[in-house]
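User: Could you walk me through a structure with me asking and you reasoning? I'll put it up here so we can both look.

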Amino acid sequence: MASNNKYKRLNDSRDFIVDNYHASLSLSDIAKHSCMSPYHFLRVFKDTYGETPNEYLIRLRVEQAKRMLITEHFSVSEVCEKVGYASLGSFSSLFVKQVGVAPTSYRRKLWALSAEAYCFPAQAIPACYAYHFLGKFAK
Amino acid sequence: MITSIAHTTIYVLNQDESLDFYKHKLGFEVGDDMKVEGGFRWLTVHPKSKPELQLVLAEPKEGPMFSKDAAEKIRSLIEDGAFGAGVFETENCQETYEELVSKGVEFIQPPTEQLYGVEAMALDNSGNWFSLVQRL
């Protein structure tokens with residue numbers, strides 16, 4: 001784990017990624033927010049958070065894409081653009097790699113499970129919570 | 001074999017206000033913020049370096065598990081400070097204490113030497129107690 005001061009600087013970069021995940025971000029751009037050289041930043045970031053800045057960025061983009069696909073009416077191309085990808089092919093490949101299904105299939109499957117439009121189904125959260133708060137068992 | 005704990009619940013009075021507290025005062029990150037069918041909001045946060053442990057910020061509301069009366073009692077108990085949110089760890093308790101105080105976090109005990117390290121105690125915006133510990 002990094003020292004308190006270094007950890008704070010790393011968090012600044014992490015916050016920068018969160019605030020700008022939809023933009024084109026280079027390692028140098030991100031590292032600047034921690035006042036570190038890109039190589040040093042990459043190593044310390046991975047040591048601290050267990051994933052590289054790029055892995056974190058991809059995970060964040062995919063999570064945002066999942067949310068948009070379910071709760072918004074954007075097309076897959078629009079979602080792709082909104083989470084920072086210029087190529088629909090690259091976005092779809094990454095999505096499949098992270099989620100296991102293509103964006104369209106993900107949307108179709110979850111929409112079919114949900115009783116309400118533009119909402120995640122109860123099956124998307126741990127069953128004990130779904131039962132506790134919604135009275136539903138996942139089927 | 002159970003290998004870890006992934007989610008634990010902190011009952012809060014207002015999810016929006018708690019999100020602001022955990023994110024902007026404690027510096028946590030949002031894990032999930034999902035609109036779920038049935039009007040339920042699945043909201044989780046975690047320390048930036050520990051995404052594997054999600055704290056579920058949930059409002060006690062009338063529903064399958066709570067009657068209206070039970071939900072109101074739980075809300076009242078939260079306000080009375082009857083619940084604890086747990087123990088958060090830090091590398092430097094004094095430094096983190098000063099940082100959180102400057103952000104307006106209410107402490108009920110400043111950093112104090114304990115057998116297991118240095119510990120301060122604070123309240124979240126709902127009234128849940130939590131410890132801030134620097135282990136030996």
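User: How many residues does helix α3 of chain A have, and what does it reach from its first C-alpha to its last?

Analyst: Happy to help, and do keep in mind that this is a predicted model. Helix α3 of chain A covers residues 38–49, which is 12 residues. At 1.5 Å a residue the expected reach is 16 Å, and the helix comes close to that, reaching 16 Å.

User: Which residue follows α3(A), and what is its phi?

Analyst: The residue after α3(A) is G50(A). Its phi is positive, near 80°.

User: Which strand gives the most to the side of chain B that touches chain A?

Analyst: Counting residues with C-beta atoms within 7 Å as in contact, 18 residues of chain B meet 24 residues of chain A. On the chain B side, β2 (29–36) and β3 (40–46) each supply at least two residues. With 3 residues, the one that gives the most is β2(B).

User: In what order do the strands of the open sheet in chain B come?

Analyst: The sheet has 4 strands with mixed pairing. Its edges are β1 (7–11) and β2 of chain B, each pairing on one side only. Within it, β3(B) and β4(B) (residues 54–58) run antiparallel, joined by 2 bridges. The order is β1-β4-β3-β2.

User: Nice! What is the bridge partner of T44(B) in β4(B)?

Analyst: Look along β4(B), which is joined to β3(B) by 2 bridges. There, the partner of T44(B) is V56(B).

User: At about what angle does helix α1 of chain B run to β3(B)?

Analyst: Helix α1 (residues 15–25) lies across β2, β3 and β4 of chain B. Relative to β3(B), the helix runs at about 10°.

How values were computed
Residues are numbered from 1 along each chain as its sequence is written. Chains are lettered from A and ligands numbered from 1 in the order in which they are written. This is a predicted model: local features need pLDDT of at least 70, side-chain atom pairs count only at pLDDT 80 or more; totals for chains, interfaces and linings use all residues. The expected span of a helix is 1.5 Å times one less than its number of residues. Two residues are in contact if their C-beta atoms, placed from the backbone, lie within 7 Å. Two strands pair if DSSP finds at least two bridges between them. Axes are lines fitted to C-alpha atoms, for helices over the stretch in contact, and angles run from 0 to 180 degrees between N-to-C directions.
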